[in-house]
Amino acid sequence: MRPVYVTGVGLHAFGRFPDASLTALGMVAVQRALAEAAIGRGGFQAAFCGSVYGGVATGHKVLTALGLSGVPTVNVEAGCASGGAALALASAQIASGACDTALVFGLEKMPRGMIRSSFFEPWREEAGLAATPAYFALRAQRLMRESDVRAEDLAAVSVQNHLHGVHNPYAMYRKPIGAEAVLASALVCDPLRLLMLCAPNEGAAAVVLSSRPGDAPPVRVLAAVLRSHLPGSVLGEHTPLAGLADDASPTPSEMAACVAYEAAGVGPADLHVVELQDTDAARHILSAEELGLCPRGGGGAWVRGGGGSMGSRLPVNPSGGLLSKGEPLGASALGQIVELAWQLRGAAGARQVADARVGLAHTVGRGANACVVVLRAG
């Protein structure tokens, strides 16, 4: 298999942009990635676009507006992992020799309020059984019941990610907050309070992959793995609060991480920086456990020991994560890749992780779909 390199990255900031169309957001990210890769029309042989709420042929609309249509273009929907799924498809195309260079981009304009989805039958939403935020809260309650995770730990996660986001000009929220403010914010669904949940919003991200390194310091894709769920856990992303209670089944994140670590030839101890799914503060802790960044059931102690902070051995979400940036579903996974590319190039500015050489990106969401990507400098 041929090597796969990240040769260009681009972002449109995450936030709310009522005067910009979805296509316009995507155009900005794509133009920036192509400019960094120093390519234009004819410079890539395939395009993959991640979006959930974008509608029909979202990627085609962006490429048409830029005069770049004509290449095979695949629109990908995989919930929160849409951008990761698109990147995995493009990476496989290049590694196999099907093409030399591919454009991957993701974009979204999320509806305001609760994340709604046609994944759920209408009666489920009417009965209050949609997955958000009740499902997030039930998952958090279970995490707290089965381990020593406390409300103060959930608050600490939010404090940490917001602190990291202060230095990210692409984040929606860039002000530090204290634990007292988090714990005093409105109770949404016990134990989750408003400042423990990410905000659905808008944004776009783009990445150029190639079989050859570009002019920028090289960043190589060591693994890009997508996995769906096995029948089992009642509280997985795949089920609206109903299913078999088989806790022995590995989660999609655990399966994706296991395969990605093996393919990349690294383990959690080899990582220098991680961007992980933090839809809510409890998901942040659960993600760390599923990725092996701390022991199963040890997430509370990991947080209390400063796990994931910029001063720790393994900083997590130096971008601020979804809690600081917000979550435009189709763009969030590729936003992680952009952040890691900057980190591995030593170009992340005030939020730079010292001596970062190996990074991991993780997304998980509706479907269920989980994606784990491992990148290495050089």
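Within helix α5 of this predicted model, R142 and E146 are four residues apart, about one turn of the helix. Their side chains form a salt bridge, with N and O at 3.1 Å. Side chains of opposite charge can pair when their charged atoms come close.

Helix α5, residues 134-146, also packs against another helix, α9, which covers residues 281-290. The two axes come within 9 Å and cross at roughly 60 degrees. Angles of 65 to 115 degrees would count as roughly perpendicular and those under 35 as roughly parallel, so α5 is described as oblique to α9. The crossing of α5 past α9 is left-handed. On the α5 side, the contact is made by R139, A140 and L143. On the α9 side, A282, R283, I285, L286 and E289 take part. Sorted by type, the residues of this contact are five nonpolar, no polar and three charged.

Two of the α9 contact residues, R283 and E289, lead on to a further feature. R283 and E289 belong to a network of salt bridges that also links E254, E290 and R296. One pair in this region is R296 with E290, whose side chains meet in a salt bridge at 4.0 Å from N to O. The partners differ in exposure. E290 has a relative accessible area of 8%, and because buried means under 20%, E290 counts as buried. R296, at 46%, is partly exposed, since the class of exposed residues begins over 50%.

A further salt bridge joins R2 and D100, where the closest N and O atoms are 2.9 Å apart. In contrast to the pair within α5, where the partners are four residues apart, R2 and D100 are separated by 98 residues and link distant parts of the chain. R2 lies in the segment before strand β1 (5-15). D100 sits in the loop between helix α3 (82-96) and strand β4 (101-109). Both partners fall into the intermediate accessibility class: R2 is partly exposed at 29%, and D100 is partly exposed at 30%.

The pairs described here are among the 14 salt bridges counted in the model. They include the R142 and E146 pair inside α5, the R296 and E290 pair of the network, and the R2 and D100 pair between distant parts of the chain.

Terms used. Residues are numbered from 1 along each chain as its sequence is written. This is a predicted model: local features need pLDDT of at least 70, side-chain atom pairs count only at pLDDT 80 or more; totals for chains, interfaces and linings use all residues. Side-chain values use heavy atoms; hydrogens and water are left out. Axes are lines fitted to C-alpha atoms, for helices over the stretch in contact, and angles run from 0 to 180 degrees between N-to-C directions. Angles under 35 degrees count as roughly parallel, over 145 as roughly antiparallel, 65 to 115 as roughly perpendicular and the rest as oblique. A crossing is left-handed if the near helix is turned anticlockwise from the far one by less than a right angle, and right-handed if clockwise. Contact means heavy atoms within 4.5 Å. Ala, Val, Leu, Ile, Met, Phe, Trp, Tyr, Cys and Pro count as nonpolar, Asp, Glu, Lys and Arg as charged, and the others, Gly among them, as polar. Buried means under 20% relative accessible area, exposed over 50%, partly exposed in between (1.4 Å probe, protein chains only).
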